Amino acid sequence: MLVAYLTHPYALKHEMGSHHPECPDRVRVVDDYLRAQGLLDFMREEIAAAAPPHTILRAHTREMVDSIERMAPQQGYCGIDGDTTMNPYTLLAAQHSAGAAVKAVDLVCAGDAPRAFCNIRPPGHHAERHRAMGFCFFNNAAIAVLHAIQAHGLERVLLVDFDVHHGNGTEEILADQCDARRVLMVSTFQHHLYPGTGDVPMAANMVNVPLPAYSRGDAMRAAVLDRWLPAIDDFAPQLVVISAGFDAHREDDLASLGWVDADYRWLTQQLVAVADKHCRGRIVSLLEGGYHLPALARSVGEHVKVLIGAD
């Protein structure tokens with residue numbers, strides 16, 4: 001079976017202004033790179049449909065979803081916060097990104113694909129249960145986790161977030177919504193970077209490892225080996241969901257960590273080994289951040305090579 005590759009055309013239509021770093025080219029350069037490297041020849045391509053409303057409502061309140069729908073503009077832009085703006089395609093893009101997460105879980109849990117990578121935007125991990133924020137509208141990762149539990153009956157789902165920014169929304173939703181025995185969240189992020197949260201975990205099933213600014217991949221590797229892996233082995237997940245942000249790269253100007261392409265390859269190797277050990281290799285990976293386009297494309301390429309077994 002081939003690893004699934006999911007995307008959607010609205011990812012290229014949602015945009016927040018001509019100079020905004022969370023831009024359509026992020027998805028485009030990833031797709032171009034994977035095609036140029038021949039990696040998509042070894043993947044099953046899927047176009048994501050919009051998420052059914054009830055799947056989004058597992059993670060978000062009806063009031064929050066209704067508010068986003070009301071604010072969706074017919075033309076021009078509508079601001080959500082200082083960093084986050086809607087254009088006429090944003091709502092559709094957010095619904096289809098959540099739909100990619102749901103479809104990926106369905107494919108992997110049904111045994112129709114061993115793993116899945118979703119090349120999607122807008123990202124999701126800052127979106128909280130009650131509000132959109134930080135480039136994010138619907139929390140794709142939390143929606144995926146809750147779908148795996150509630151639609152597929154999984155008892156233990158691991159959420160891994162290696163974006164350079166703390167996944168405050170994912171942590172808030174999963175801490176609030178899930179029995180701690182059913183979800184484990186492990187994350188690294190740059191200490192004191194936006195949104196300034198994460199130093200104190202919201203629940204006992206959260207393993208947060210803030211990394212100092214200007215630290216490099218060796219700090220991340222120590223966090224994985226010393227903090228993540230013991231907790232993961234104790235938890236023994238049945239599915240791994242990844243919030244795959246690539247903005248800790250040393251070439252990315254939105255943060256100050258010093259990871260390189262090989263760090264993303266090593267990290268993905270650890271996660272594949274975990275999945276092979278505990279859950280028959282099942283992984284759903286969702287694109288989050290990453291704003292230096294060449295570094296993003298290369299790093300995703302390293303991530304995907306490992307997911308498809310081509311590393």
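Is Arg 280 buried or exposed? With a relative accessibility of 68%, Arg 280 counts as exposed, because anything over 50% is placed in that class. Keep in mind as we walk through that this is a predicted model. Arg 280 sits in the loop between helix 8 and strand 10 (283–287), and its backbone deserves a look too: phi is positive, about 55°, although the residue is not a glycine. Most residues other than glycine have a negative phi.

Arg 280 has a companion in this respect. Phe 135 also shows a positive phi, near 75°, and is likewise not a glycine. Its setting is the loop between strand 5 and helix 5. Here the surroundings are another matter: Phe 135 is buried, with a relative accessible area of 12%.

While we are in that loop, let us turn to the peptide bonds. Pro 122 lies in the loop between strand 5 (115–118) and helix 5, and a cis peptide bond joins Arg 121 to Pro 122, with omega about 5°. Another cis bond joins Tyr 194 and Pro 195, where omega is about 0°. Pro 195 belongs to the loop between strand 7 (183–190) and strand 8 (206–211). For context, most peptide bonds are trans.

Following the chain out of the Phe 135 loop brings us to helix 5. This helix, residues 140–150, is largely enclosed by the rest of the structure, because 10 of its 11 residues are buried. Among them are Ile 143, Val 145, Leu 146 and His 147, together with several alanines such as Ala 144 and Ala 148. One neighbour is helix 4 (residues 90–109), which packs against helix 5 at an angle of about 35°, with the axes 9 Å apart. The crossing of these two helices is right-handed. On the helix 4 side the contact is made by Ala 94, Ser 97, Ala 98, Ala 101, Val 102, Val 105 and Asp 106, and on the helix 5 side by Asn 140, Ile 143, Ala 144, His 147 and Ala 148.

Two of the residues just named lead on to other parts of the model. Ala 98 has its C-alpha atom 8.9 Å from that of Pro 52, although the two are 46 residues apart along the chain. Pro 52 lies in the loop between strand 2 (43–47) and helix 2 (53–57) and is partly exposed, with a relative accessible area of 34%. Ala 148, in turn, is one of the contacts of Leu 239, as are Val 108, Cys 109, Leu 158 and Ile 283. Leu 239 lies in strand 9 and counts as buried at 0% relative accessibility. The C-alpha atom of Leu 239 is separated by 9.4 Å from that of Glu 155, 84 residues away along the chain.

Now for the rings. The structure holds 6 aromatic pairs. In one of them, Phe 162 and Phe 246 meet edge-to-face, 5.7 Å centre to centre with 75° between the planes. This pair links distant parts of the chain: Phe 162 is in the loop between strand 6 (157–161) and helix 6 (168–177), while Phe 246 is in the loop between strand 9 (239–244) and helix 8 (261–278). Phe 162 is buried at 1% relative accessibility, and Phe 246 is buried with a relative accessible area of 1%. Trp 259 and Tyr 264 form another pair, with ring centres 5.3 Å apart; their planes stand at 55°, so this pair is tilted. Trp 259 is buried, and so is Tyr 264. Ring pairs join Phe 162, Phe 246, Trp 259 and Tyr 264 into a cluster. Elsewhere, Lys 13 lies over the face of Tyr 89, 5.0 Å from the ring centre.

Tyr 264 also takes part in helix packing. Helix 8 and helix 9 (residues 293–307) pack at about 25°, with axes 8 Å apart, and are therefore roughly parallel to each other. Their contact includes Tyr 264, Arg 265 and Thr 268 of helix 8 and Arg 298, Ser 299 and Glu 302 of helix 9.

Helix 9 packs with helix 1 (residues 25–36) as well, at about 50° and with axes 9 Å apart. Helix 1 and helix 9 are therefore oblique to each other, and their crossing is right-handed. Arg 298 appears in this contact too, along with Leu 293 and Val 304 of helix 9 and, from helix 1, residues including Val 29, Val 30 and Tyr 33.

Notes: Residues numbered from 1 in each chain as written. Predicted model: local features only at pLDDT ≥ 70, side-chain atom pairs only at ≥ 80, totals over all residues. Heavy atoms only, no water. Phe/Tyr/Trp six-rings, centres within 6.5 Å; stacked < 30°, edge-to-face > 60°. Helix = DSSP H or I, 4+ residues; strand = E, 2+ residues; numbered from the N terminus. Buried < 20%, exposed > 50% of the residue type's maximum accessible area, 1.4 Å probe, protein only. Lys NZ or Arg CZ within 6 Å of the ring centre and 35° of its normal. Axes fitted to C-alpha atoms, helices over the stretch in contact; angles between N-to-C directions. Parallel < 35°, antiparallel > 145°, perpendicular 65-115°, else oblique. Contact = heavy atoms within 4.5 Å. Left-handed = near helix turned anticlockwise from the far one by under 90°. Lists of a residue's contacts leave out its neighbours within four places in sequence.
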